[in-house]
Amino acid sequence: MAVSVFDMFKIGIGPSSSHTVGPMRAALAFCEDLKAQGGLEATRQVVVKLYGSLALTGIGHGTDKAVILGLMGETPRDVNPDTIDDMLARVQESKRISLLASHEIAFDPQIEIEFHKDERLPRHSNGMGLVAFDEKGQVLHEEIFYSIGGGFIVREHEEDGDGASDEGGQIPYPFNTAEDLLSHCRNNQLAIWELMLENEKTWRDEATVRKELLAIWQVMQECTQRGFRVEGNLPGGLQVSRRAPRLYKELQEQHDDEHLDLLDWVNIFAMAVNEENAAGGQVVTAPTNGAAGIIPAVLHYYKRFVTDASDEGVIRFLLTAGAIGILYKKNAGISGAEMGCQGEVGVACSMAAAGLTEAIGGSLGQVENAAEIGMEHNLGLTCDPVGGLVQIPCIERNAMGSLKAINASRMAMRGDGKHKVSLDQVIRTMRQTGDDMKSIYKETSQGGLAVNVPEC
């Protein structure tokens, strides 16, 4: 499967790519399949069954809400966050839903959305089934989806998740491992960003690639600015207060020299994005929602504190980071329910470290080294959200991951690119660590901080 950088960076809504974005896309795909088969008008009931991690933390992650929106024909990229509450309220009150905004049926979320907390489908912890019935109770269409992280979904009968390969075309530089990627670069005298740009031109012309990457960066900036403005408590019942607005005001008032507060700025860049994510706002999945603050924070650091920063550097950053993310997706995983938080914050840290190193002129070896350092020191990181909400420890964890990414880049830039541990080796180690990790530490809220911190 060929994966595009735009598969790794998706515009969507919070709080979770695997529990919100993926299920929304799956519900939409189910209805579109139903319509294509001629069964939409005959449908009288739709039942949604959530399994594993989707069932255990689905309420806190808004999975039930995402499913409703998907059934209604909404997409994560285009849904207006300001209208979501009203749309959901109408369904809850009327007990009716309009499938694809065109065919209305009875639908009680309390009945039609089932949480099977004690069952896990064999392929992945984030499994969900959808069934459509006619007026006689006969099955019109039935399908199982897996939300495999980063908003990617895969049907039961498919081998791989959806990606740019669905659009056709053979990329000029296919790669499955870091060694493949680096060999292509060495043999063709290309930087990673240049190789990725050539691959992206399989689906879009160069001008469009550059324009859309800067559009992704614009959404990240707008998300950060919203995070600086909006005050109050985050939804969900934990009474977690947004801190980014207060810290932003304090930093603006304290010093004329922003460099004195560099670490504080990076912290609040990340926190602003993840507080927006926790509130269900629009974010860029990078590569997941739970880790959506790291790449924006490191990009803000680059633009604000690197002397010769430019939009060209942003483009190189994102292309390089996307290539590293693709390696993790292909060889390990980017789902907290599969890999723990090393698959989210760890991967985002590795991507950001590589992207920053490329943007500031690092060599091929230094870029790989930065990516490796970024993951090596996140190995074993658990996913243990308190109350099943993407708030504690997720928001602060993004800030820490951002600082780790910057430090990884600095360490790599101080070296000559030679290092003992390769990126492929650390990715294999991450995969093995994730396989060995107990399920209670994989986005189930059954272990770690999720059981040791009182919900109040």
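Which residue's side chain does the side chain of Thr-285 join in a polar contact? I began my notes with this point, keeping in mind that the model is predicted.

**Entry: Thr-285**

I looked up Thr-285 and found its place in strand E9, which covers residues 282–285. The polar contact I was after joins the side chain of Thr-285 to that of Asn-289, at 2.6 Å. I then checked burial, and Thr-285 counts as buried because its relative accessible area is 1%, where the limit is under 20%. Leaving aside residues up to four places away in sequence, I listed what Thr-285 touches, and the list runs to Met-8, Phe-9, Lys-10, Ser-17, Val-21 and Gly-150.

**Entry: Lys-10 and Phe-152**

Since Lys-10 is among the residues that Thr-285 touches, I followed Lys-10 further and noted that it lies over the face of Phe-152, at 3.5 Å from the ring centre. I also looked up Lys-329, whose charged end sits over the ring of Phe-152 at 3.9 Å from the centre.

**Entry: Gln-366**

My next stop was Gln-366, which I located in helix H17, made up of residues 364–376. Gln-366 is buried, with a relative accessible area of 11%. I traced its side chain and saw that the side chain of Gln-366 reaches the backbone oxygen of Gly-415 at 2.9 Å. Gly-415 also appears when I list the residues that Gln-366 touches, again not counting those up to four places away in sequence, and the others in that list are Thr-357, Ala-412, Met-413, Asp-416 and Gly-417.

**Entry: aromatic rings**

How many aromatic pairs does the structure hold? I found 5 aromatic pairs, and I chose the one between Tyr-248 and Trp-265, whose ring centres are 5.9 Å apart and whose planes stand at 80°, so I wrote the pair down as edge-to-face. The label follows because planes over 60 degrees apart count as edge-to-face. I placed Tyr-248 in helix H11 (residues 244–254) and Trp-265 in helix H12 (residues 262–278), so the pair ties together parts that are 17 residues apart in sequence.

I then asked myself whether each of the two partners is buried or exposed. Tyr-248 is buried, with a relative accessible area of 18%, and Trp-265 is buried too, with a value of 2%. Finally, I noted that Tyr-248 and Trp-265 belong to one aromatic cluster together with Phe-228 and Phe-269.

Notes: Residues numbered from 1 in each chain as written. Predicted model: local features only at pLDDT ≥ 70, side-chain atom pairs only at ≥ 80, totals over all residues. Heavy atoms only, no water. Helix = DSSP H or I, 4+ residues; strand = E, 2+ residues; numbered from the N terminus. Buried < 20%, exposed > 50% of the residue type's maximum accessible area, 1.4 Å probe, protein only. Polar contact = N/O pair within 3.5 Å; in protein donor to acceptor, adjacent residues only side chain to side chain. Contact = heavy atoms within 4.5 Å. Phe/Tyr/Trp six-rings, centres within 6.5 Å; stacked < 30°, edge-to-face > 60°. Lys NZ or Arg CZ within 6 Å of the ring centre and 35° of its normal.
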